[in-house]
Amino acid sequence: MIRFGSMNVVSSYAPNTLPVVYDRGLIGTFHDWCEAFSTYPRTYDLLHVDSLFTSESHRCEMKYVLLEMDRVLRPNGYAIIRESSYFVEAVAKIAKGLRWSCRVEATEDGNEKEKVLICQKKLWYSQQNS
């Protein structure tokens with residue numbers, strides 16, 4: 001059983017799965033971002049990571065993880081990154097170099113040590129001289 005606020009939710013698939021993902025036809029995947037990940041023939045509209053950089057910063061460099069996220073994410077897709085304030089600032093700086101538009105939001109409990117970074121990958125292309 002999974003608890004959302006005051007609501008208890010039970011998935012018909014497994015005790016630790018979110019029914020909104022499976023019952024509504026949304027397909028998700030868990031992924032080790034420090035390893036290669038074949039996405040052929042698909043890309044994703046939404047990436048959600050929670051404390052990825054905090055827990056994996058000793059295994060792989062943040063810039064390579066973000067580059068992989070950029071490759072996997074479809075143009076106009078979103079990345080929602082919940083991290084410590086330290087990593088949110090660092091990720092936002094790299095994301096700007098990837099031409100993502102990002103905004104920082106506070107967490108629902110107002111914890112100053114943790115922030116949510118919401119980024120959208122923009123469709124960009126070279127400009128032609130006319």
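This is a conversation about reading a predicted model of one protein chain.

Trainee: Before I look at any detail, how much confidence does the predictor give this chain?

Mentor: Start with pLDDT, the predictor's confidence in each residue. The chain averages a pLDDT of 80, with 76% of its residues at 70 or more. Over residues 1-9, though, the pLDDT is below 50. That stretch has 16 contacts in the model beyond near neighbours in sequence. Where pLDDT is low, the predicted coordinates should not be read in detail.

Trainee: Fair enough. Which elements does the chain have, and in what order?

Mentor: Count them, then walk along from the N terminus. There are four helices and six strands, and they run β-β-α-β-α-α-β-α-β-β. Of the 130 residues in the chain, 33% are buried. As for contacts between residues at least 6 apart in sequence, 61% join residues at least 24 apart.

Trainee: Now the sheet. What is its strand order?

Mentor: Read a sheet by its strand order, then by the sense of each pairing. Here an open sheet of four strands has the order β3-β4-β6-β5, and the pairing is mixed. Strands β3 (44-50) and β5 sit at the edges, each pairing on one side only. On average, neighbouring strands are turned by 15° against each other, direction ignored.

Trainee: Which pairs are parallel and which antiparallel?

Mentor: Take them one by one. β3 and β4 are parallel, over six bridges, and Val-49 stands opposite Ile-81 in β4. β4 (residues 73-84) runs antiparallel to β6 over seven bridges, with Glu-83 opposite Lys-115 in β6. β5 (residues 100-106) and β6 are antiparallel too, again over seven bridges; there Trp-100 has Lys-121 of β6 as its bridge partner.

Trainee: What packs on the sheet?

Mentor: Look for helices that touch its strands. α3 packs on the sheet, touching β3, β4, β5 and β6, and its direction makes about 145° with that of β4. α4 packs on it as well, touching β4, β5 and β6, at about 160° to the direction of β4.

Trainee: Back to β6. Is this strand mostly covered or open?

Mentor: For a strand, check the two faces separately. β6 (residues 114-121) is mostly covered, with eight of its eight residues buried. On one side sit Glu-114, Val-116, Ile-118 and Gln-120, on the other Lys-115, Leu-117, Cys-119 and Lys-121. Don't let the charged names fool you: Glu-114, Lys-115 and Lys-121 are among the buried ones.

Trainee: Pick one residue from that strand. What does Cys-119 touch?

Mentor: Leave out neighbours within four places in sequence, then see who remains. Cys-119 contacts Gly-77, Tyr-78, Ala-79, Ala-95, Trp-100, Ser-101 and Cys-102. The relative accessible area of Cys-119 is 0%, so this residue is buried. Leu-46 lies 73 residues away along the chain, and its C-alpha is 10.0 Å from that of Cys-119.

Trainee: How do I read a helix such as α4? Which of its residues are buried?

Mentor: Check the length first, then the sides. α4 (residues 85-97) has 13 residues and reaches 19 Å from first C-alpha to last, close to the 18 Å expected. Phe-87, Val-88, Val-91 and Ala-95 are its buried residues. Seen down the axis, they fall within an arc of 100°, so they line one face of the helix. On the other side Tyr-86, Glu-89, Lys-93, Lys-96 and Gly-97 are exposed. The buried residues pack against α2 (52-56), α3 (62-72), β4, β5 and β6. Just after α4, Arg-99 has a positive phi of about 65°.

Trainee: And in α3, why does Glu-68 count as buried?

Mentor: Here the cut-off does the work: buried means under 20% relative accessible area. Glu-68 has 16% relative accessibility, so this residue counts as buried. Setting aside residues up to four places away in sequence, Glu-68 touches Trp-33 and Phe-37.

Trainee: What about Asp-70: buried or exposed?

Mentor: Run the check again. Asp-70, also found in helix α3, counts as buried because its relative accessibility is 16%. With residues up to four places away set aside, Asp-70 touches Leu-98, Trp-100 and Lys-121. You've met two of those already: Trp-100 and Lys-121 are bridge partners.

Notes
Residues are numbered from 1 along each chain as its sequence is written. This is a predicted model: local features need pLDDT of at least 70, side-chain atom pairs count only at pLDDT 80 or more; totals for chains, interfaces and linings use all residues. Side-chain values use heavy atoms; hydrogens and water are left out. Buried means under 20% relative accessible area, exposed over 50%, partly exposed in between (1.4 Å probe, protein chains only). Helices (H or I, at least four residues) and strands (E, at least two) are DSSP runs, numbered from the N terminus. Two strands pair if DSSP finds at least two bridges between them. The expected span of a helix is 1.5 Å times one less than its number of residues. The arc is that of the directions from the helix axis to the C-beta atoms. Contact means heavy atoms within 4.5 Å. pLDDT is the predictor's confidence in each residue, from 0 to 100. Axes are lines fitted to C-alpha atoms, for helices over the stretch in contact, and angles run from 0 to 180 degrees between N-to-C directions.
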